[in-house]
Amino acid sequence: MKTIDLAIEAGYRHFDTAYMYQNEVAIGKALKKWLDSGKIKREELFIVSKLPMVAMNERLVEEYLQRSLTALQLSYVDLYLIHKPVGFRPGEVLFPVDDEGCLILDYDTDHIAIWKAMEAQVDAGRAKFIGLSDFTVAQMEQILKSARIRPSTNQVECHIYFQRKGLREWGEKNGIPLTSFGTLGSPAAVGLFNQGGAMTAQQVRSPLTEEPVVRIARAHNKTAGQVLLRHLLQHGIAVIPKSSHPDRIRQNIDVFDFELTDAEMAELNAIDMDEKGRKFFVSNLFKGYDKHPECPYGKM
């Protein structure tokens, strides 16, 4: 709750959560305190949650959104995303595994049917907008063929090592802009995904320490994190930095009083490694994720 308090006091109004994160109850309590105080109004907030992989079935969409709303103590979310294109066996265990530690996958995942159920949540007033996370161009094109409501965004891993140029250009043409997670390299997530040394040397590299980033930050009297955020913002990508540190919370929103030059943008663009720059693979945590036919890895 303290982190939410610090964020609101610093000016944040967009909060990104998910059923899978298991923090919605705490966020709901913090938001209710602020809303009850009258210091902020519900319409000032932009709350995002996500359909978990164990609910990748059209019959479960409403149930799991309602679970999130109950936890958040809200009557609607501003944006509801399909968390991943891959489905797991439905149930209360968020990452179901077999005796060999492999994920138990739901091979009946039907994106079209799930999207229609997502659209029904907008119709019912439980979500103002709906979108996707980690979806490929082919998957989104399939959804668009029958979509009545266009996805509002595609939230994906995106940072200077993995700048998603092709996905970004497709999104610009088709009205589905990107939202970036992992913009600052997600050091906390690296600790989780690198258990047992599962990540490569490239995957554990931090964009915060790249020489051009540090040098450009010094030139603007900004932090490396602020430069990384500004770089994606100037590409038209929404960013959702995560921090619980008071100073960094304030720094991460203080990115609108400077602009990177064309030369600086070009230098940062040149660091891109495309798919080779991807840091986070669910298969580093649980075996078998990449066996699902809808696994997005290696695809635009």
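Trainee: Which residues form one aromatic cluster here?
Mentor: Phe 88, Phe 95, Phe 281, Phe 286, Tyr 289 and Tyr 297 make up one such cluster. Keep in mind that the model is predicted, so local features need pLDDT of at least 70 and side-chain atom pairs pLDDT 80 or more, while totals for chains, interfaces and linings use all residues. Numbering runs from 1 along each chain as its sequence is written, and side-chain values use heavy atoms, without hydrogens or water.

Trainee: OK, and how many aromatic pairs are there in the whole structure?
Mentor: The search finds 7 (Phe, Tyr or Trp rings, six-membered ring for Trp, with centres within 6.5 Å; planes under 30 degrees apart are stacked, over 60 edge-to-face, the rest tilted). Take Tyr 19 and Tyr 64: that pair is edge-to-face, 5.0 Å centre to centre with 75° between the planes.

Trainee: Where do Tyr 19 and Tyr 64 sit in the chain?
Mentor: Tyr 19 is in the loop between β1 and α2, and Tyr 64 is in helix α3, residues 61-72. The two are 45 residues apart, so the pair links distant parts of the chain. Tyr 64 is buried (under 20% relative accessible area with a 1.4 Å probe, protein chains only; over 50% is exposed, in between partly exposed), at 3%.

Trainee: Back to the cluster: what's the geometry of Tyr 289 and Tyr 297?
Mentor: Tilted, with 5.6 Å centre to centre and 40° between the planes. Tyr 289 is buried at 0% relative accessible area, and Tyr 297 is buried too, at 14%.

Trainee: Switching to helices: what does α1 pack against?
Mentor: Helix α1 covers residues 2-10, with Ile 4, Asp 5, Leu 6, Ala 7 and Ile 8 buried. Those buried residues pack against β1 (14-16), α2 (24-37) and α11 (246-253). Helices are DSSP H or I runs of at least four residues, strands E runs of at least two. Just after α1, Gly 11 takes a positive phi of about 115°.

Trainee: At what angle do α1 and α2 pack?
Mentor: About 45°, with the axes 9 Å apart (lines fitted to C-alpha atoms over the stretch in contact, angles 0 to 180 degrees between N-to-C directions). That makes α1 oblique to α2 (under 35 degrees is roughly parallel, over 145 roughly antiparallel, 65 to 115 roughly perpendicular, the rest oblique).

Trainee: Which residues meet there?
Mentor: Ile 4, Asp 5, Ile 8 and Glu 9 in α1 meet Ile 27, Ala 30, Leu 31, Lys 33 and Trp 34 in α2 (heavy atoms within 4.5 Å).

Trainee: And how do α9 and α12 cross?
Mentor: Helices α9 (211-220) and α12 (262-269) cross at roughly 160°, their axes coming within 10 Å. They're therefore roughly antiparallel. Pro 212, Val 213, Arg 215, Ile 216 and His 220 in α9 meet Glu 264, Glu 267 and Leu 268 in α12.
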